[in-house]
Amino acid sequence: MTVTIKQVKVLCLQDPETAFYRFEGSYRNVVVLVHGDNGLTGVGESDAPPEIVKAAIEMAPYNHLAEGLGDILTGQTADDPRRLWDEMYARTQWFGRHGAAIHAIGALDIAIWDLFARSKGVPVCRALGQARHTRLPAYATIYPLEDAPARITEQIMPLLEQGFRTLKVCVEPWWTEPARVQRNLTHLRDLLGPDRGLMLDVAQEFTRLDQLAPFLDLLADLDFAWIESPFPLDDVAEHARLRAATRIPIGVGDLGLTTCKEFEPFLAADAFDIAQPDLTMFGGFTEALRLARMLEGTGRRIVPHAYNTDITIAANLHFLATQQETGLIEYSTSPSRLRRELVRGLPPIGEDGTIAVPTGPGLGVWLNGDTVKELAQSRP
């Protein structure tokens, strides 16, 4: 059945209880809806400033290389999401090719694949290719981590009771005190025991190896599984120096890389072990599949970033379900209402710390209309 895109709509949402601006985007969100002429709707989102994504989608044409993404898609058939990705990329190259324009394309690409799969009555993973996994292990991202052992215990124990077998923490302001870092991280490892996974997200809080180097032995002794986003992404050489200085795998890509082309310098410099694209900022499913092909045979794996709503988690589940190796699913623990209430239908974390790949049509999740209505009204 041929489906024509009838309308593209952008929703800018905000939880009125905003907090944690240092490294926290989950209190604001941009959701895109791609409506088909068959009455079905595809849903996507981007972990990007909503107004920028909205502008890229709703802008009037500037010239034939700078058009609004909504106008590009409206009236097109949704029979080939890859073709639509290429057309969006080509017709926004005047202001796009990287960065925010790809964020908008990523949100739309997820929505187009959702509409495409829903129209066929199959899950997105089957529309993308072969579904190799039905469940995938999830890890909880904790931000911010409390600053004292007793409070860390109170914060972490409910997650362990929920079933999580792996946790990721971030560099916090108290990392200026090495003794506190050692005390808190050692306590955290003792809480988890030797059989649970533990990772570190630096979130680009450091700019040079000599700032992170004093902690490398501690992280290795505590068996951290990876170091994520260690430095600003312009400095490929510093990433390569870090990788040569530690046996801990290095992850890159979640805070700024938007196409496969931007991974190429890191690959050439042997500067990373784990690619961490955020599908909502990396061109959606289409570009993520291209990255998977690019990394075949290199010994590197993909662990997608996901500090957003269940739309992103569902997208990552469908993407990783198609990959040969068993991937890890990031699961944000943000208390934002957008994180907790925007979407319904995502399967819960199991007792073994895994989460099922949704089996319904498309992404297998749907928007909570009451939350959308309320939090859209909360926008200033």
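1. A good place to start is Y27, which is buried, with a relative accessible area of 6%. Buried here means under 20% relative accessible area, so Y27 falls inside that class at 6%. Please keep in mind throughout that this is a predicted model. Y27 sits in the loop that connects β1 (5–14) with β2 (28–36). Its partner worth a look is E17: the two residues are 10 apart in sequence, and their C-alpha atoms are 7.6 Å apart in space.

2. Next, a word on the overall build. The protein has 15 helices and 14 strands. Its radius of gyration is 20 Å, and a compact globule with 380 residues would have one near 21 Å, so the two agree. If you would like box dimensions, the C-alpha trace spans about 60 × 45 × 40 Å along the principal axes.

3. How much of the protein is buried? Buried residues account for 58% of the 380 residues. The accessible surface comes to about 15,300 Å², and carbon and sulfur atoms contribute 50% of that area.

4. On contacts, consider the pairs of residues at least 6 apart in sequence: 73% of these contacts join residues at least 24 apart. For charges, the protein carries 36 positive and 50 negative ones. The mean positions of these two sets are 4 Å apart.

5. S119 is a helix residue, placed in α4 (residues 100–120). Is S119 buried or exposed? With a relative accessible area of 18%, S119 is buried, because the cut-off for that class is under 20%. Its side chain also reaches the backbone oxygen of L115, at 2.8 Å.

6. R339 belongs to helix α14 (residues 337–341). Like Y27, R339 has a relative accessible area of 6% and is buried. Which residues does R339 touch, leaving aside those up to four places away in sequence? The list is N308, T309, D310, I313, Y331, S332 and S334. If you plan to inspect one environment by eye, that set gives you the residues to display around R339.

7. There is a cis peptide bond to check, running from Y143 to P144, with omega near -5°. P144 is located in the loop between β4 (135–142) and α6 (149–162).

8. Two residues that are not glycine have positive phi values. One is Q204, at about 60°. Q204 lies in the loop between β6 (197–201) and α8 (209–212). Its relative accessibility is 24%, so Q204 counts as partly exposed.

9. The other is D270, where phi is positive at about 55° although the residue is not a glycine. D270 is in the loop that runs between α11 (260–268) and β9 (274–275). Is D270 buried or exposed, or in between? A relative accessible area of 40% makes D270 partly exposed, since that class covers values between the 20% and 50% cut-offs.

10. To gather the backbone points for your own check: the bond from Y143 to P144 is cis, Q204 has a positive phi, and so does D270. For side chains, the contact from S119 to the backbone oxygen of L115 and the neighbours of R339 are the items to view.

Key
Residues numbered from 1 in each chain as written. Predicted model: local features only at pLDDT ≥ 70, side-chain atom pairs only at ≥ 80, totals over all residues. Heavy atoms only, no water. Helix = DSSP H or I, 4+ residues; strand = E, 2+ residues; numbered from the N terminus. Rg over C-alpha atoms; globule rule 2.2 N^0.38 Å. Buried < 20%, exposed > 50% of the residue type's maximum accessible area, 1.4 Å probe, protein only. Contact = heavy atoms within 4.5 Å. Areas by Shrake-Rupley, 256 points an atom, 1.4 Å probe, with all protein chains shown as cover. Lys, Arg positive; Asp, Glu negative; His and termini not counted. Charge placed at Lys NZ, Arg CZ, Asp CG, Glu CD. Polar contact = N/O pair within 3.5 Å; in protein donor to acceptor, adjacent residues only side chain to side chain.
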